[in-house]
Amino acid sequence: MVGGELTGSPEELIHGISTDSRTIHQPEATLFVAIRGDRHDGHSFISALIDRGIRAFLVQELPSPLETNVSFILVKDTLKALQALAAAHRSRYECRVIGITGSNGKTIVKEWINQALSPDQKITRSPKSYNSQIGVPLSVLLMDEDTETAVFEAGISRPREMTKLEAIIRPDIGIFTNIGEAHQEGFQDLEYKLKQKLILFNDSSKIIYCNDQAMVERVIKKRFSQQKLFSWSFGKDSNVKVSKREETGEGTLLDITCRKASFELLVPFPDRASLENAMHVVSLMLLLDIAPLVIQSRIGDLNPVAMRLEMVKALHGCTIINDTYNSDLNSLSIALDYLNQQHQHVVKTLILSDIMQSGKEEDILYAEVSGLLRQKDITRFIGIGPALMRMHRYFPANSQFYLNTAEFLSSLPGLDFRNEAILIKGSRAFRFEKITNRLQQKNHPTILEIDLNALVHNLNVYRSKTDARIMVMVKAFSYGSGSQEIANALQYQRVDYLCVAYVDEGIALRESGIHLPVLVMNPEVSGFDLMMDHDLEPEIYSFRSLFSFLAALAKRNLISYPIHLKLETGMNRLGFREEELDQLFEILKQHQHVRIRSVFSHLGTSDDPANDSFTRRQIETFQRMSTRIQDQYPDKILRHILNTAGIERFSDASFDMVRLGIGLYGISRHMREELQPVSTLKSIISQIKPVRKGESVGYNRNFIAPDDMIIGIVPVGYADGLRRDLGRHGVFFQLNGMAVPVLGTICMDMTMIDLTDMEVNEGDEVIIFGPDHPVTELAEKLGTIPYEILAGLSERVKRVYFQE
């Protein structure tokens, strides 16, 4: 199928294919495809995967030496081979295949098609947003003899990519969602990108699209014959016409006409994007001649697609992963993988509801669920729902079962959840948010949301700037974001080093299951023993710190312990000066207790073009000093001087490693367009009240109402990390996309804002800073830097981590 050459036994039986060494749970039955990409090379993990039990590999370079009990298929290009394998697999099946592309809405349309059609037929669909050059073939390889309809999404970021995806999917029916600016940078203009996307439908028998976008209508009609097209519209002539839209308390009521039939349809969503996504599904159902009564029932029952997993701290040292409203086998497998990334807990617990509308018989479905729990090493299982109670025989003897959520909640006090990672995953009807609310550690309405997808995006942006290793700073509670949770994500992304300020920060990482090397920048003599107990590596910046650490090592008779030498290159903080190097060499030659793991320095003005000549002098000094040190020792010593701004502006001085800090969180003076904001601080309006002209607001009467006005009280204050004087600096929050000024002096737990002439309600969300109201703007108004604001956020503010 892939035009390869077999080395080893042809008898290996394969049940799954993987390109990600981190998520393999059945190694003995997995073919690992070693893909060579821009940032990672799958071939570098082959040795470790053999140790884990994998015996079959698809490679473009054979390892040396060859293992005798391992099989390899050697090809010229493993990505092309994977795509060829998927295309061959697709050709084995005659079932209906639906292909979805467009700029937005692909994943939601795919999931809603599954919700609408799965009661009647077996659906195979792309997991998550698997729509890339790698994701599409992995999705298509999920097809089997039971598949009746397959639904795959396809996305592109460069010209000619869709040609490869079309050869794999070969959809019978195409759905084009819309065209927009997403991923525009790879295309000369919007119309060219549209034409590239439409390649997916070259051999489709029908293409569903909305003809309200003039460009889409013009290009599609020019490219495809009329008999292929099946259009819908909000008001225009089309195959499916929406003649009326009326918002109700339950959603939006639509009048729909198709052919000679007309019917009303309640879509349980009010927003335009959801209505468009739903109409693509409705049009597909009408094309398939599904009766209007069935359409009304299925569309009325559509559930929101949970596009993200949320993680929060829970009672008794637990962590909750909240994936409620989304329950099927594919998403369960994905969520269990995320659960297994949480190394801060040994015990992994799953609370699962009945899986609705799977299209499978109960025995088959729950036998598969039980198999997943074994593969993913789940420690504790709690099942909620009548089907799970009936199928209890498939699960471990220590599993617990409850008929409904209320019965579980009544038993909660006796279940003794302690120091566990708990995945809560349920169908919407089970209202598992009640469980999440009961288990959460904090219910403060002010929360800091941390977008782990944005964090990974930013990490990869900086990786693209350099070939050097990456050390990431997670000191100061990871700039307010939460050290352990961020470190877990970074460990999963295979960064090379972590860096903390103090020993206790490093110990907390070790106790959370972080095994990456950790540099401690400010080790104190009193913490040396604890540092060695937890395999932490100290910064040595003076003869005093060196002698103290050598003495501590001698007491334990330890040798070759890794240290990191800090060099003074012009900032005049910590570090050895150039004239001290000869004395340093003499001392180190007399002691075998330590080995130099790295030498480094810190740039003082790397973000300021006005001081570039000073920065260059620092780099030259570091080059000279570090070369002298390396010349004294035969072992390789890592060298690093670049911080975030240095990576952005002086990447030619990357040496062996770079240190990434605030840029990881999307904050930069020079690369704002390339980065994504990671943190959003939000709260709610707890009360709305009138204030008469001349009345004062807050402590010390620092604000006097110039006219009659309406104010709102937001439950966030200086105990949460806000400055008391925000109201004096023209600071505003964001409410429904509008700027609302802060009034008067900030209280310990409350802030007052001006809501005059606004239509708002108590409970509405208020953004203190976020993607559309960046923390950098708040910092500028306060005359400070974003570091200070982020690091100053109180730990009483609940951190919510989410991942798409």
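Visitor: How many cavities of 30 Å³ or more does a search of the whole structure find?
Guide: Three. Keep in mind that this is a predicted model.

Visitor: What makes a space a cavity?
Guide: A 1.4 Å probe fits inside but cannot get out. Rolling a probe the size of a water molecule over the atoms shows where empty space is left.

Visitor: What is the volume of the largest cavity?
Guide: About 70 Å³. The second largest has about 50 Å³.

Visitor: Why is Q803 called a lining residue of the largest cavity?
Guide: A lining residue has an atom within 4 Å of a cavity point. Q803 is on the list for the largest cavity, so it meets that cut-off. Also listed there are residues including M311, Y338 and E485.

Visitor: Which helix gives the largest share of that lining?
Guide: Helix α17, with four residues. Both α15 (452–463) and α17 (483–492) supply at least two.

Visitor: What classes make up the lining of the largest cavity?
Guide: Six residues are nonpolar, five polar and one charged. E485 is in this lining, and Glu counts as charged, so E485 is the charged one.

Visitor: And what classes line the second largest cavity?
Guide: Three nonpolar, five polar and three charged residues. Among them is G570. Gly counts as polar, so G570 belongs with the polar residues.

Visitor: Now helix α8. How do you know that α8 is mostly covered?
Guide: Buried means under 20% relative accessible area. In α8, 14 of its 16 residues are buried, so the helix is mostly covered.

Visitor: What comes just after α8?
Guide: D289, which takes a positive phi of about 60°.

Conventions: Residues numbered from 1 in each chain as written. Predicted model: local features only at pLDDT ≥ 70, side-chain atom pairs only at ≥ 80, totals over all residues. Heavy atoms only, no water. Buried < 20%, exposed > 50% of the residue type's maximum accessible area, 1.4 Å probe, protein only. 1 Å grid on protein atoms, 1.4 Å probe; cavity = no way out; pocket = protein on both sides within 12 Å on 5 of 7 lines; lining within 4 Å. Points joined across faces, edges and corners; volume = space filled by probe spheres on them.
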